[in-house]
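Biologist: I'd like to learn how to read a model like this one, feature by feature. Can we put it on screen and start?

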Amino acid sequence: MGKEKTHINIFIIGYVDSGKSTTAGHLIYKCSGINKRSIEKIKKEPAEMGKGSFKYAWVLDKLKAERERGIPIDTSLWKFETSKYYMTIIDAQDTETSSKT
């Protein structure tokens, strides 16, 4: 039986428009938590809408309204594993802003 993997939880919270979703999406991409085909599709969609800088944010921002407004509406969760770790990334919305929407 192999060595048990460590579980790493990452919770990202901050002000609206501070790059939380972009940071989380880029981390998922860099850790190979999303396959190349999916990331290529995600990169293409914002570029077609003139929002190319949102490419990593859209890994987690899946709602149409989130993509149109450019800010998360709901908390997102992404789980994946690497050769050494089980990873959970939570991208939390800005509670002050979300209470006004």
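Biologist: Is S53 buried or exposed?

Modeller: The general idea is a cut-off on relative accessible area: buried is under 20%, exposed is over 50%, and partly exposed lies in between, with a 1.4 Å probe and protein chains only. S53 has a relative accessible area of 59%, so S53 is exposed. S53 sits in the loop between α2 and α3 (64-69). Helices here are DSSP runs of H or I with at least four residues, strands are runs of E with at least two, and both are numbered from the N terminus.

Biologist: How far is S53 from F80 in space?

Modeller: C-alpha to C-alpha, 24 Å, with the two positions 27 residues apart in sequence terms.

Biologist: Before we go on, what sort of model is this, and what are the ground rules?

Modeller: This is a predicted model, with residues numbered from 1 along each chain as its sequence is written. Local features need pLDDT of at least 70 and side-chain atom pairs count only at pLDDT 80 or more, while totals for chains, interfaces and linings use all residues; side-chain values use heavy atoms, leaving out hydrogens and water.

Biologist: And how do I read the confidence?

Modeller: pLDDT is the predictor's confidence in each residue, from 0 to 100. Where pLDDT is low, the predicted coordinates should not be read in detail. In this case the protein chain averages 84, and 90% of the residues score at least 70. Helix α4 (residues 95-98) has the lowest confidence, at a mean of 54, and β1 the highest, at 95.

Biologist: In what order do the elements run?

Modeller: From the N terminus on, β-α-α-α-β-β-α. That gives the protein chain four helices and three strands.

Biologist: Which residues of helix α1 are buried?

Modeller: Start with the general picture: an α-helix has 3.6 residues a turn, so residues three or four places apart point the same way. In α1 (residues 20-30), the buried ones are K20, S21, A24, G25 and I28. Looking down the axis of α1, these fall within an arc of 120°, so they line one face of the helix. The arc uses the directions from the helix axis to the C-beta atoms.

Biologist: What covers that face?

Modeller: The cover over the buried residues of α1 includes β1 (6-12), β2 (76-81) and β3 (85-91). Contact, by the way, means heavy atoms within 4.5 Å.

Biologist: Can you show me that from the β3 side?

Modeller: Sure, take I89, which is in strand β3. I89 is buried, with a relative accessible area of 0%. Leaving aside neighbours within four places in sequence, I89 is in contact with I10, I12, A24, L27, I28, S76, L77, W78 and F80. I89 and I8 are 81 residues apart along the chain, yet their C-alpha atoms are separated by 8.4 Å.

Biologist: What about T88?

Modeller: T88 is also found in strand β3, and T88 is buried at 5% relative accessible area. Not counting residues up to four places away in sequence, T88 touches H7, I8, N9, I10, L77, W78 and K79.

Biologist: Where does a positive phi turn up after α1?

Modeller: Just after α1, at S32, with a phi of about 60°. S32 is a residue other than glycine. S32 lies in the loop between α1 and α2 (36-48), and its 59% relative accessibility makes S32 exposed.
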